[in-house]
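Visitor: Please choose one part of this predicted model and look at it closely. Then work outward from there, one step at a time.

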Amino acid sequence: MNTMMNTRSRMKGLFWSGFLPLFLWTSVSGQPSCPIESNRTDLQTSYEIPTKLNFNSAFMSPIVHSFLGSVQPNPFPKDLLITMIKNKFSTDRVKEVLLYEIGFLVCVAIGILYIVLMPLIGLIFACCRCCGNCGGRMQQKQTTNIHCKRRSLYLATFFITVLILAGNVCMFLSSTNASETVMRSPKEATDILENVKGYLNTIPKQIEQVTNESYVTVDIVKNNLNETGPLLGKLIQNGLKGPLDPAFNSITEIAQVINGTSSELLKLNKTLELLKPKVDVLKANLSAVRQRINNTLHMSDCVNCTSQLPELDKLSLEGSLDFPDQNDLRSAVDKAINADVIGQANKGRDFFDSIPAKVKNETRLSVQVALFQLETLKTQISGVTKGLPLDVLKTISAPLTEIQKSITSVSPHIEKSSQISLAVGLVLSCLILLVVICNFLGLLLGVAGLNPKDNPSERSSTSNCGGIFFMAGVGFSFLVSWIFMLVVLILFIVGGNTYTLVCKPWQNQELFQLIDTPGLIPGFNLSTALNLNTNLNIANVYSDCQKNKPLWTTFHLNEIFDLNSKLDVSQYTHEIDQTFEGAQINIANITILSPEVKSQLNNFSSSASNMKFSNIIQQINDVSGTNLSSVAESLDILAGKQSNQAIKNELLREASDLRDIQTGVTSNIMPLLLELNTTIKNLSVVAAQITAAVGNVFIKVGYAQDVLNYNISQIVKAESRAFIDCQLKIFQTFLYWVNKTITERVGRCRPAAAAVDRSEELVCKHLVESLNAFWLSLGWCMMFLIPSIILSVKLAKYYRRMKNNKFMMNPFPKAHLKPELLENGKQPFT
């Protein structure tokens with residue numbers, strides 16, 4: 001008993017040091033006893049971030065930018081523009097503007113000079129040609145290097161024409177791209193605005209989703225509180241399961257041992273009842289035969305009979321199967337069965353299973369108070385999202401719809417203007433192409449029809465036609481070049497300044513800084529326009545949106561909305577905590593094993609240990625080893641030696657009787673002995689384990705009883721605390737998610753910045769770039785028309801048919817001329 005008490009003390013210390021912290025933090029499965037749902041659905045998005053436009057209009061952008069960078073190297077004139085917009089004009093301001101635009105003014109001056117001089121020079125050139133000057137005389141001086149000059153002029157003209165053709169191709173492509181941009185601009189603009197509206201419409205849905213999540217969270221906690229009995233009861237059961245389950249299992253096992261022992265004892269008694277009368281008959285029969293054999297062996301006529309007297313000792317069963325009394329063990333088993341040990345275990349399990357119902361009954365009032373607080377809490381949390389300044393979205397969305405309608409209404413006119421611009425560009429490209437064709441035809445026909453050995457006045461019609469094409473290209477160049485240069489000048493002023501004053505500062509955000517200048521636009525303030533009492537500027541908003549920051553950060557909503565105070569629900573959670581803290585969950589204690597039952601188990605253990613089964617097994621082995629057949633065979637041998645027939649017959653009869661008895665033993669007694677032997681061995685095995693099993697029951701039940709006596713109240717408090725902390729932790733986790741979602745995820749404004757970028761791409765990278773590429777290509781052609789005119793005029797004379805030729809190549813003195821040539825009147829030509 002002292003050992004058992006020491007064991008109980010050690011187990012109690014083990015409980016406090018190891019088991020109690022374990023069940024406070026973990027459930028039976030080893031997982032945290034308060035699983036927090038963290039897998040929330042992603043915020044809804046019904047918009048798409050605009051992608052880049054898929055058609056390319058910037059193939060000449062590097063050249064255009066390089067040229068405009070040279071023309072206008074000055075930085076963006078922010079201060080000058082601010083001064084001009086505020087209507088502060090003066091002579092100094094005009095000087096500053098002219099100084100800033102000095103590069104453009106120089107180019108404009110060159111363009112005006114071109115516009116004035118080209119038709120004037122063309123007129124003068126035409127008059128001179130009509131007067132036979134400026135190459136108008138149809139005569140050509142034949143020199144030794146005439147062929148080299150012609151080839152040089154030919155290559156130069158071909159190269160210049162190729163350059164003009166390249167500019168003409170660029171004109172056509174840029175004109176097509178500009179027309180396509182204008183054609184697609186209404187749809188692109190509508191798509192941009194639609195994406196922005198979709199983004200704005202998504203934000204209230206995201207806020208609504210946060211509100212719905214709050215309702216779900218409150219409902220989860222309400223359901224948990226309504227299921228306090230099963231949930232909290234399960235936690236308490238998990239806390240008690242560790243010590244109680246082994247105790248109940250050990251009681252069940254010892255009950256099975258008791259029932260098994262009782263069954264084996266019943267089998268033993270039944271076997272003994274069957275075996276005893278048969279053994280008594282065996283003893284009587286064997287005693288009678290033994291007496292007869294003894295009488296026969298002592299007859300005087302019996303030959304060598306005295307030698308068989310020792311065999312009579314084998315015919316004795318005295319003392320065999322004299323089993324000890326099992327009444328003590330039987331009585332102990334019956335008393336243990338009557339104590340209903342298994343009933344004690346079932347009673348304990350019923351107590352264990354009733355814990356959830358008791359917890360539910362004890363916490364009914366606390367749950368009702370908590371549910372009321374949760375309804376108030378739901379209203380408090382839903383008010384957080386309703387208090388957010390979402391009216392600003394309507395302020396932005398309404399004008400966008402009006403702009404979309406306006407774009408839709410003017411879309412047919414834009415499409416018509418796109419067709420007109422395409423036609424104008426095509427016409428201009430074709431006119432330039434006409435000059436190129438004239439030059440190429442001149443080059444082709446001139447080479448095809450020219451024979452260098454021919455007299456200039458006898459050149460072929462093909463060659464002459466090539467020269468005419470050159471002059472036609474020259475004449476057409478003089479007619480249209482100044483008009484084309486006027487177009488270049490206008491587009492250059494518009495497109496160049498648009499790029500330098502709008503597109504370039506738009507790309508580096510200097511334009512936003514200009515717009516953000518206070519007082520620049522009368523009555524405009526971004527914060528006021530958005531109905532926000534924060535300090536906002538377009539540049540910072542755009543920069544934040546490029547980084548895909550949420551509206552909370554972009555609009556500085558923390559300055560006008562205290563989210564932390566709105567999400568402070570500690571007063572409600574504190575009341576819920578206090579309500580359950582004051583609730584007393586009383587779980588009545590039970591005694592797992594009464595003293596009477598323990599006494600019966602001790603009696604059962606001692607009775608089983610006092611049973612001596614080895615003597616019984618030895619007796620069974622003695623009976624099983626009895627062999628009457630060997631004695632019978634000895635009698636048969638002895639009978640063969642007798643001369644007295646009567647003695648011989650008697651000995652044979654006695655041997656036969658012994659064989660009959662042996663047969664009876666084998667058929668009637670041996671099966672019962674085998675069964676008895678098995679039963680005794682089973683009992684011996686069970687009896688050897690009963691003491692240890694009972695001791696195990698006392699240890700485990702004692703440990704469990706200590707938990708119930710001294711620790712159940714602490715377990716109930718600890719698990720109740722853990723349960724309430726779990727519910728509050730659900731709220732804390734949710735509120736953290738709400739705060740993080742509103743401040744870091746709701747309204748990520750990358751789509752707004754993408755819309756601005758796409759607008760810039762549409763206006764600048766496609767429309768303005770195409771326009772600039774067009775005037776640069778056209779100006780390129782106009783510049784190369786000047787050398788084209790000069791070279792064409794010079795080269796034409798090498799292909800056109802001359803009227804007469806007064807100039808001789810390599811004249812020789814008449815003294816050296818051959819007489820036969822002079823006689824024939826021929827002129828020397830090469």
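Guide: Start at His-556, which is partly exposed, with a relative accessible area of 26%. Partly exposed is the right class because the value falls between the 20% limit for buried and the 50% limit for exposed. The model is predicted, so read every value here as computed from it. His-556 sits in the loop between H17 and helix H18 (563-566). Its backbone deserves a look: phi is positive, about 55 degrees, although His-556 is not a glycine.

A second positive phi comes at Asn-548. Its phi is near 60 degrees, and Asn-548 is a residue other than glycine. Asn-548 is placed in the loop between H16 and helix H17 (551-554). Its relative accessibility is 25%, so Asn-548 also counts as partly exposed. Helix H17 is thus a useful landmark: the loop with Asn-548 runs from H16 to H17, and the loop with His-556 runs from H17 to H18.

Now go from H17 into the interior. H17, together with H6 and H12, supplies at least two residues each to the lining of the largest cavity. About 150 Å³ of space lies in this cavity. Thirteen residues line the cavity, and Ile-203, Leu-388, Leu-390, Leu-551 and Leu-557 are those nearest its centre. What classes of residue make up that lining? By class, 13 are nonpolar, with no polar and no charged residues. The structure holds three cavities of 30 Å³ or more.

Next, the open space. The largest pocket holds about 1100 Å³. Its lining draws two or more residues from each of helix H6 (146-226), helix H12 (391-449), helix H14 (510-515), helix H15 (526-529), helix H16 (538-546) and helix H24 (750-796). H6 gives the most, with nine residues. In total, 39 residues line the pocket. Nearest its centre are Ile-396, Leu-400, Ile-538, Ala-752 and Val-756. The lining divides into 35 nonpolar residues, four polar and no charged. H6 and H12 therefore deserve a second look: each gives two or more residues to the pocket lining, and each supplies at least two to the cavity lining.

Return to H16 for the sulfur chemistry. The structure holds two disulfides. One is formed by Cys-545 and Cys-749, with sulfur atoms 2.2 Å apart. The torsion about its S-S bond is about -110 degrees, so this disulfide is left-handed. Cys-545 lies in helix H16, and Cys-749 in the loop between helix H23 (645-744) and H24. The two are 204 residues apart, so the pair links distant parts of the chain. Both cysteines are buried.

The other disulfide joins Cys-503 to Cys-764, with an S to S distance of 2.2 Å. It is left-handed, with -90 degrees about the S-S bond. Cys-503 belongs to helix H13 (residues 461-507) and Cys-764 to helix H24, so the link ties together parts 261 residues apart in sequence. Cys-503 is buried, with a relative accessible area of 1%. Cys-764 counts as buried too, because its relative accessibility of 1% is under the 20% limit. By contrast, Cys-430 is partly exposed, with a relative accessible area of 40%.

Stay on H24 for one more residue. Asn-772 lies in this helix. Is Asn-772 buried or exposed? It is buried, at a relative accessible area of 0%. Its side chain makes a polar contact with the side chain of Trp-775, at 2.7 Å. Beyond its neighbours within four places in sequence, Asn-772 is in contact with Val-64, Leu-68, Gly-495, Gly-496 and Tyr-499.

Finally, step back to the whole protein. There are 25 helices and zero strands. Of the 830 residues, 44% count as buried. Take the contacts between residues at least 6 apart in sequence: 89% of them join residues at least 24 apart. The local tour ends where it began, at His-556 in the loop between H17 and H18.

Technical notes: Residues are numbered from 1 along each chain as its sequence is written. This is a predicted model: local features need pLDDT of at least 70, side-chain atom pairs count only at pLDDT 80 or more; totals for chains, interfaces and linings use all residues. Side-chain values use heavy atoms; hydrogens and water are left out. On a 1 Å grid over the protein atoms alone, a cavity is a set of points where a 1.4 Å probe fits but cannot get out, and a pocket is an open set with protein on both sides within 12 Å along at least five of seven lines; lining residues have an atom within 4 Å of a point. Grid points are joined across faces, edges and corners, and a volume is the space filled by probe spheres set on the points. Helices (H or I, at least four residues) and strands (E, at least two) are DSSP runs, numbered from the N terminus. Ala, Val, Leu, Ile, Met, Phe, Trp, Tyr, Cys and Pro count as nonpolar, Asp, Glu, Lys and Arg as charged, and the others, Gly among them, as polar. A disulfide is a pair of cysteine sulfur atoms within 2.5 Å. Buried means under 20% relative accessible area, exposed over 50%, partly exposed in between (1.4 Å probe, protein chains only). A polar contact is a pair of N or O atoms within 3.5 Å; within protein, one must be able to donate a hydrogen and the other to accept it, and residues adjacent in sequence count only if both atoms are side-chain atoms. Contact means heavy atoms within 4.5 Å.
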